[in-house]
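Hi,

Here is the model I said I would pass on. Have a look at it first, and then read my notes underneath.

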Amino acid sequence: MNERTTAELENLRGLIDGVDQQLIHLLRKRLDLVAQVGAVKHGAGLPIYAPQREAAMLAKRREEAKKMDVSPQLIEDILRRLMRESYLNEKDIGFKQVNPDLGHVVIVGGSGKLGGLFSQMLVLSGYQVKVIDKDDWARADEIFDGAGLVLVTVPIGITCDLIKDKLTTLPQSCILADLTSIKGEPVEAMLAAHSGPVVGLHPMFGPDVGSLAKQVVVVCHGRQSAEYQWLLEQIQIWGARIVEAEPERHDKAMQLVQAMRHFSSFVYGLNLYKEEADIESLLQFSSPIYRLELAMVGRLFAQSPELYADIIFAQKESMQAIGDYLDNYSQALSLLQVGDRDAFVAQFKEVAQWFGDFAPQFQRESRAMLQSVNDMKTG
Ligand SMILES: O=C(O)C(=O)C[C@]1(C(=O)O)C=C[C@@H](O)C=C1
């Protein structure tokens, strides 16, 4: 059935169409300026992401919007979305090459998705990239000869053995780095296999990010950090933030941030499956937060089971963290079973106090996400 309308409404809608068309012209104009900014940054070696400029610009636009009785949050939302577009556009122009004298780069496992992303970023920065995969080891000497950087990005389960078995005769000055999501054992293995510069990296994002702007790369220093300083600078030019960490502290955090997180998403999906839940009707009844939760869980099952098995099984210690979760679940369930509502409320308050200022901060952040989820609804 057609939506009802009136002549007056149609007239106003025509005027709105005109304003929206003007917006497209303005967007085109902004994109052209951003392309020029990208070219200037490329020449000067400046990072794609400029947080101080963004903060100053947003503050000014919010003020101006207020004066014109436009919601400051509206202009902020629009500009943030536009800047996301800027990161993508500036990326395509390419990046300054921080170390033009580096020999070529070898990506071990380059046909993997994350390896592919790093390969693309390095090529966009002017480096020559060679890939070595399962079937290429017979040509290894030729591929590694003259390499300035070897980046290991194979599944966690085989990373350490591959380093020990295959990467012991790299050129002395070559940097050996890995992208594995645990850092203790791989960094140790690299230090043992290679006597030159060593660094462990963990990109805290998946291969489907459009740009590295605002993403985090964890760095665990191995040896001769002055030799790979350029690489960290290069990653920052791509827009990412470098966070330094000790391998042990990083790995401990990953037990909760990755192993436990993904395991509980897995069980959530497993439970929906066993309960024979009808996703279609759940979506019909879903509140925005439930939709977001389904999206978080559902996206897991759109990806490689091996990848998640690798992450979950990577550290024996994760079993403890996941077991603790089960214990806490059982204890909380027993409150429900005995109908102890007061104990539940008391426990809730205790946890809320522990979250402190983070709880309202997360509430604010999730509000914006929930609004976007709602915006995406159609029909
Ligand atoms: O001003 C810049 O440095 C830009 O790259 C442009 C722009 C924008 O779209 O306005 C984009 C990214 C930066 O983080 C800041 C601002």
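Below is what I found, going from the domains to the ligand and then to one helix pair.

First, keep in mind that this is a predicted model.

Domains. The domain assignment splits the protein into three: domain 1 covers 10-93, domain 2 covers 104-245 and domain 3 covers 250-375. If you take the centres over C-alpha atoms, domain 1 and domain 3 sit 35 Å apart.

UniProt has its own view, from an unreviewed entry. It lists "domain: Chorismate mutase" at residues 3-94. That stretch is 84% helix and 0% strand in the model, with 47 Å between its end C-alpha atoms. The other feature in the record, also from an unreviewed entry, is "domain: Prephenate/arogenate dehydrogenase", placed at residues 103-366. Here the chain is 57% helix and 14% strand, and the end C-alpha atoms are 45 Å apart.

Ligand. Which residues surround the ligand? They are V34, V37, Y49, A50, R53, E54, L82, M83, S86 and E90. Three elements each give two or more residues to this shell: α1 (7-44), α2 (51-67) and α3 (72-93). Of these, α3 supplies the largest share, with four residues. Sorted by class, the shell holds six nonpolar residues, three charged ones and one polar one.

Helix pair. The other thing I'd point you to is the packing of α11 (residues 288-300) with α15 (residues 358-375). Their axes are 9 Å apart and meet at an angle of about 85°. Angles of 65 to 115 degrees count as roughly perpendicular, so that is the label for α11 and α15. On the α11 side the contact is made by P288, I289, R291 and L292, and on the α15 side by M369, L370, V373 and N374. By class, the residues of this contact are six nonpolar, one polar and one charged.

If you open just two views, I'd go for the ligand shell, where α3 gives the largest share, and then the roughly perpendicular pair α11 and α15.

Shout if anything is unclear.

Cheers

Terms used: Residues are numbered from 1 along each chain as its sequence is written. This is a predicted model: local features need pLDDT of at least 70, side-chain atom pairs count only at pLDDT 80 or more; totals for chains, interfaces and linings use all residues. Domain bounds come from an automatic or database domain assignment. A residue is near a molecule or strand if its C-beta atom, placed from the backbone, lies within 6 Å of it. Ala, Val, Leu, Ile, Met, Phe, Trp, Tyr, Cys and Pro count as nonpolar, Asp, Glu, Lys and Arg as charged, and the others, Gly among them, as polar. UniProt positions are given in the numbering used here, feature names are shortened, and annotations may be inferred rather than shown by experiment. Axes are lines fitted to C-alpha atoms, for helices over the stretch in contact, and angles run from 0 to 180 degrees between N-to-C directions. Angles under 35 degrees count as roughly parallel, over 145 as roughly antiparallel, 65 to 115 as roughly perpendicular and the rest as oblique. Two residues are in contact if their C-beta atoms, placed from the backbone, lie within 7 Å.
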